[in-house]
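Open your viewer and get ready to make a few selections. We will go from stop to stop, and at each one you will hear what to pick and what is there.

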Amino acid sequence: MLNGRKILLIIGGGIAAYKCLELTRELRKRGAEVVPVLTRAAEEFVTPLSVSALAGQKVFRDLFDLTDEAEMGHIELSRAADLLVVAPATADLMAKMAHGHANDLASTVLMATDTPVLIAPSMNVRMWQHPATQRNLATLAADGITAVGPNEGDMACGEYGPGRMAEPLEIVEAIAARLAAGPLAGKRILVTSGPTHEPIDPVRYIANRSSGAQGTAIAEALAALGAEVRFITGPATARRPVGVTITEVETAAEMAKAVADALPADAAICAAAVADWHVVGAGASKIKKDAKGTLPSLTFAENPDILATLSAPGPNRPDLVIGFAAETDDVIAHATAKRTRKGCDWILANDVRPETGVMGGTENAVTLISAEGADPWPRMTKTQTARKLAALIADQLGQQTNKTDKIQ
Ligand code: C5P
C-alpha cells in the first residue's frame, strides 16, 4: 500500500519516541522507505543505532554535519520525500514549526520543504490544552499541515486526558490517506461535522444529538480518494478522522468563521447539525436560581446559515456544495424545498425519527436530491454511505480545474 513511497520521519524528543521504532517497522513492512531525522532531545529517548537498524538507513542528526551536507543537503533531504512525518510532535517542535524557527536539522528541514507534512502530537495534557499549543495547532492547520491524534488516555506522567501520541497503525493509516493518489488528488474539500454548542451562560449550553459519525466517515472516504480535506467539527462524540486537517469549534458562529477561513475549496459538504439559534446575551456569569422561583427566559437570535452562505454565487463558491436535511416528516418534500432555498447543488436527505436509529447510530438511509430529482439509496453503514458519496463527488469534480489552482 505504501510501495516505493519515501517518508522522512522526524522523531521529536518525547517519551512516545519509542513508538517510532514500531512505526518505522510497520511502514517498511508496507513497502515504504523511511529516512529518519532525530532531534537532539529524541536521542534521550531512542538511540540512533536502534532507529537506523530498523529503518535500514543512516540517521540524520546534525545540521552542520558536513558529510551529510556533501551527500545530501538539508534542502534535498526534505524535498526528496513524498511526505514529512513529525512523530512525536512535541509542544516545542509544534511551536518552532508554527513560528518558522530553523535552528536545528529537524526545524530547518521543515522550513525548507514544499512537501506535505503530517504531525502526530504528543505531550502532557496541560501542555496540549495550553492556549499557546492550541494557537500553534491552528496556525499549522492553516498552513495545510495535517495532524493525527493526539488520543485521550493515561499518560506517562501519570495524568489522564488528550495528549497521547496516536498508535503506530493509526499513523500508518493517516500516512496512507495523505499519500493516496486517487481521483480526488489535488482537490481541496471542506467538511463540516458534529453538533454545535450554543452557550446559555458559562456552564450551560444548548446542543443536539448529532454524533459527528457521518461527517467523520465522509472526511475519511474523501481523503482515501486523495482529497486534501479540511474538517471543521463542533464538539462531536465520534472519533476524529485520520489524514485530514482538523479545526475544532464550539458554536455556529465559530464554525462559520472557520469555514470562511478555509476557502477556497473545490467542494464543501455540510454534514454538521448546526444550531439554528443562539442565546442572546449569554454572559460571563452563571444564571442563578431565584428564591421566588421566577423562571429565567431566554431570547434567541438566528445563527449564520453556513450552507446558504457557501452556496451563494461568488468567486469563492465551491464547484459542488452539498448539504444534509435531517427531517422527521415529509422527508423528500422538505429536502427538495431546502435544496432550492439554500442554493446548494445536492442535498442528502435522511429520516431522523428516533425509531430509525440514524442519529448516533452506525447506519444511515439517505436520498440524494439534485437538480435531476430524488435518488433513494439503500440503508447501509455510514462508512458505505460516505464511500458512495465520495465516489460521486469524484465523478462530479472529474475534469474540472482545481479551485485552489485557479487562484494561484
Ligand atoms: O436548515 P437545516 O438545519 O435543516 O439545514 C440542514 C443543512 O444546512 C445541513 O447541511 C447543515 O449542515 C446546514 N446548516 C448550516 N448552517 C446552519 C444551519 C444548517 O450550514 N446555520
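**Stop 1: a loop and a patch**

Select L298, which sits in the loop between β14 (277–279) and β15 (300–302). Keep in mind as you look around that this is a predicted model. Is L298 buried, partly exposed or exposed? L298 counts as partly exposed because its relative accessibility is 36%. Now add I206, W277, I287 and F300 to the selection: together with L298 they make a nonpolar surface patch of about 440 Å².

**Stop 2: the ligand and its shell**

Next, select the ligand and show the residues around it: C270, A272, V274, D276, P304, D305, I306, L307, G323, F324, K338 and K342. Colour them by character, and you will find seven nonpolar residues, one polar and four charged. Which elements each supply at least two residues of this shell? They are α12 (306–311), β16 (320–327) and α13 (331–342).

Now switch on distances for three pairs of atoms:

- A272: a backbone N or O atom of this residue is 2.6 Å from a ligand oxygen.
- P304: a polar backbone atom here lies 2.8 Å from a nitrogen atom of the ligand.
- K342: an N or O atom of the side chain is 2.8 Å from an oxygen atom of the ligand.

How much of the ligand does the protein bury? Taken alone, the ligand exposes 450 Å², and the protein buries 87% of that.

**Stop 3: a salt bridge across the sequence**

Leave the ligand and turn to the salt bridges, of which the model has 20. Select K19 and E167, whose closest N and O atoms are 3.2 Å apart in a salt bridge. This pair links distant parts of the chain, with the two positions 148 residues apart in numbering: K19 belongs to helix α1 (residues 19–29), while E167 is in the loop between β7 (160–164) and α9 (168–179).

The two partners are worth colouring by accessibility. K19 is buried, because its relative accessible area is 7%, under the 20% cut-off. E167 has a relative accessible area of 31%, so it is partly exposed. Add R164 to the selection as well, and you have a network of salt bridges linking K19, R164 and E167.

**Stop 4: two further salt bridges**

Select E248 and R240, whose side chains meet in a salt bridge with an N to O distance of 2.7 Å. E248 is partly exposed, with a relative accessible area of 47%, and R240 is also partly exposed, at 25%.

Then move to R353 and E355, where the salt bridge is 3.3 Å from N to O. R353 counts as partly exposed because its relative accessibility is 34%. E355 has a relative accessible area of 61%, so it is exposed; the cut-off for that class is over 50%.

**Stop 5: an arginine in a strand**

For the last selection, pick R230 in strand β11 (residues 228–233). Is R230 buried or exposed? R230 is buried, because its relative accessible area is 10%. Show the side chain of E228 too, and you will see a polar contact of 2.9 Å between it and the side chain of R230.

How values were computed
Residues are numbered from 1 along each chain as its sequence is written. This is a predicted model: local features need pLDDT of at least 70, side-chain atom pairs count only at pLDDT 80 or more; totals for chains, interfaces and linings use all residues. Side-chain values use heavy atoms; hydrogens and water are left out. A residue is near a molecule or strand if one of its heavy atoms lies within 4 Å of it. A polar contact is a pair of N or O atoms within 3.5 Å; within protein, one must be able to donate a hydrogen and the other to accept it, and residues adjacent in sequence count only if both atoms are side-chain atoms. Accessible areas come from the Shrake-Rupley method with a 1.4 Å probe; for residues, only the protein chains shown count as cover. Helices (H or I, at least four residues) and strands (E, at least two) are DSSP runs, numbered from the N terminus. Ala, Val, Leu, Ile, Met, Phe, Trp, Tyr, Cys and Pro count as nonpolar, Asp, Glu, Lys and Arg as charged, and the others, Gly among them, as polar. Patches are made of residues with over 30% relative accessible area and no salt bridge: like charges are joined within 9 Å, nonpolar side chains (Val, Leu, Ile, Met, Phe, Trp, Tyr) within 5 Å. A salt bridge is a side-chain nitrogen of Lys or Arg within 4 Å of a carboxyl oxygen of Asp or Glu. Buried means under 20% relative accessible area, exposed over 50%, partly exposed in between (1.4 Å probe, protein chains only).
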